[in-house]
Amino acid sequence: MLLRTILAATGVVAALLVPATAAQAADRTADRTATSTAAPPDAAATADTALAAAADANPVIVVGGLIGVSIAYEPIAARLRADGYRVWIYQLPNLGFGDIRESAKALSSYVDQVRASTGAAKVDLVTHSEGGLVSRWYVKFLGGGAKVDHYLSLGSPQYGTYVANILKFVGLGSCAGIPACQQMSIGSSFLGDLNGGDDTPGTVRWSTIRTWQDELVRPVDNAVLADGATNVLIQAWCPLRVVGHLGLVLDGTTYSAVRQVLADATVRPNCFAV
């Protein structure tokens with residue numbers, strides 16, 4: 001059974017990594033509040049002061065995505081630690097192949113462990129890909145709203161991705177029988193439940209970051225949340241910045257927006273960050 005799962009997952013990954021045709025640029029006004037691509041020096045200094053003051057706040061849990069082994073998230077975790085945050089990396093059970101709702105239950109226990117070990121009332125969640133859906137289910141249905149301060153997703157298919165839908169046309173049936181892939185298909189019953197009602201319930205501060213070059217979330221705007229969330233499109237600020245799906249956890253410009261979100265600072269990504 002395990003061998004069949006691994007072989008099926010390999011086929012799914014191969015299909016998912018086929019680059020998608022670049023989407024046409026749409027109206028980007030909603031993704032920014034100014035036309036500048038970099039904050040002026042004085043503003044940057046003020047933002048750094050605010051970031052330093054916030055660094056001892058909530059513990060941060062980086063929630064990985066499908067096939068996201070924990071070591072893959074060490075680069076963004078290292079950046080967060082360098083900014084003074086206490087950081088944990090949560091690898092999804094069975095690498096995220098299973099039911100997203102079950103992964104959310106496991107995340108609930110993990111959050112409680114972090115809170116108990118640190119004495120913190122709340123945590124911040126920085127999520128990637130499927131991890132964003134796992135975390136939203138936890139917040140919306142499993143009591144996470146009282147334990148999470150910031151929710152930030154990087155390239156999460158909040159409303160599904162047609163990349164999952166088309167797998168049946170390349171000989172893999174219904175996502176090769178992988179539950180999480182089926183649940184991330186546009187129109188799935190899981191997404192119907194998750195997206196029913198308010199996208200941003202409770203007092204959680206909701207944010208998303210996406211990129212035009214995301215190979216796995218198509219259409220790209222399916223990574224956006226409604227109902228008052230802060231939605232950041234990297235290329236709305238930095239048109240020449242090329243960031244892929246996995247690059248969202250490695251890219252310096254993306255991280256500059258992450259640290260601003262966590263510090264409740266004005267989001268002005270640094271286009272030249274490495």
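Are Asp251 and Arg241 buried or exposed? Both Asp251 and Arg241 are buried. The legends below, for close-up views of a predicted model, start with this pair.

**View 1. The salt bridge of Asp251 and Arg241.**
The two side chains meet with an N to O distance of 2.8 Å. Asp251 and Arg241 both lie in the loop between α9 and α10, 10 residues apart, and the pair is counted as linking distant parts of the chain. Burial applies to both partners, Asp251 as well as Arg241. A separate group elsewhere in the protein consists of Asp112, Arg115 and Lys147, which are joined into one network by salt bridges that share partners.

**View 2. The salt bridge of Arg205 and Asp264.**
The closest N and O atoms of Arg205 and Asp264 are 2.5 Å apart. Arg205 belongs to strand β5 (residues 205-210) and Asp264 to the segment after α10, so that the bridge links distant parts of the chain, 59 residues apart. Arg205 counts as partly exposed because its relative accessibility is 36%. Asp264 has a relative accessible area of 46% and is likewise partly exposed.

**View 3. The salt bridge of Arg81 and Glu74.**
The N to O distance between these side chains is 3.1 Å. Arg81, at 38% relative accessibility, is partly exposed. Glu74 is partly exposed too, with a relative accessibility of 33%. Across the structure, the count of salt bridges comes to 11.

**View 4. The disulfide between Cys175 and Cys181.**
This link is one of two disulfides in the structure. The sulfur atoms of Cys175 and Cys181 are 2.2 Å apart. The torsion about their S-S bond is about -60°, and the disulfide is therefore left-handed. Cys175 and Cys181 are both buried.

**View 5. The disulfide between Cys238 and Cys271.**
Here the S to S distance is 2.0 Å. The link of Cys238 and Cys271 is left-handed, with -85° about the S-S bond. Because Cys238 lies in the loop between α9 (234-237) and α10 while Cys271 lies in the segment after α10, the pair ties together parts that are 33 residues apart in sequence. Cys238 counts as buried at 4% relative accessibility. Cys271 has a relative accessible area of 12% and is also buried. When the bonded cysteines of the protein are numbered in sequence order, the pairing reads 1-2, 3-4.

**View 6. Helix α4 (residues 100-118) and its surroundings.**
How far apart are the end C-alpha atoms of α4? They are 27 Å apart, which agrees with the 27 Å that its 19 residues should span at 1.5 Å a residue. At the start of the helix, a side-chain oxygen of Asp99 comes to within 2.8 Å of the backbone nitrogen of Arg101. Just after α4, Gly119 has a positive phi of about 80°. The buried residues of the helix are Ile100, Ser103, Ala104, Leu107, Ser108, Tyr110, Val111 and Val114. These buried residues pack against the strands β1 (60-63), β2 (87-90) and β3 (123-128), and against the helices α5 (130-141), α7 (179-183) and α8 (189-194).

**View 7. Thr254 in helix α10 (residues 252-262).**
Which residues does Thr254 contact, leaving aside its neighbours within four places in sequence? The contacts of Thr254 are with Leu154, Ile209, Ile234, Val243 and Leu248. Thr254 counts as buried because its relative accessibility is 0%.

**View 8. Low-confidence stretches, residues 1-30 and 32-41.**
The protein has a mean pLDDT of 85, and 77% of its residues reach 70 or more. Over residues 1-30 the pLDDT stays under 50, and the model has 37 contacts beyond four places in sequence for this stretch. Residues 32-41 also have pLDDT below 50, with 11 contacts in the model beyond near neighbours in sequence.

Key: Residues are numbered from 1 along each chain as its sequence is written. Side-chain values use heavy atoms; hydrogens and water are left out. Helices (H or I, at least four residues) and strands (E, at least two) are DSSP runs, numbered from the N terminus. Buried means under 20% relative accessible area, exposed over 50%, partly exposed in between (1.4 Å probe, protein chains only). Contact means heavy atoms within 4.5 Å. A disulfide is a pair of cysteine sulfur atoms within 2.5 Å. The expected span of a helix is 1.5 Å times one less than its number of residues. A polar contact is a pair of N or O atoms within 3.5 Å; within protein, one must be able to donate a hydrogen and the other to accept it, and residues adjacent in sequence count only if both atoms are side-chain atoms. A salt bridge is a side-chain nitrogen of Lys or Arg within 4 Å of a carboxyl oxygen of Asp or Glu. pLDDT is the predictor's confidence in each residue, from 0 to 100.
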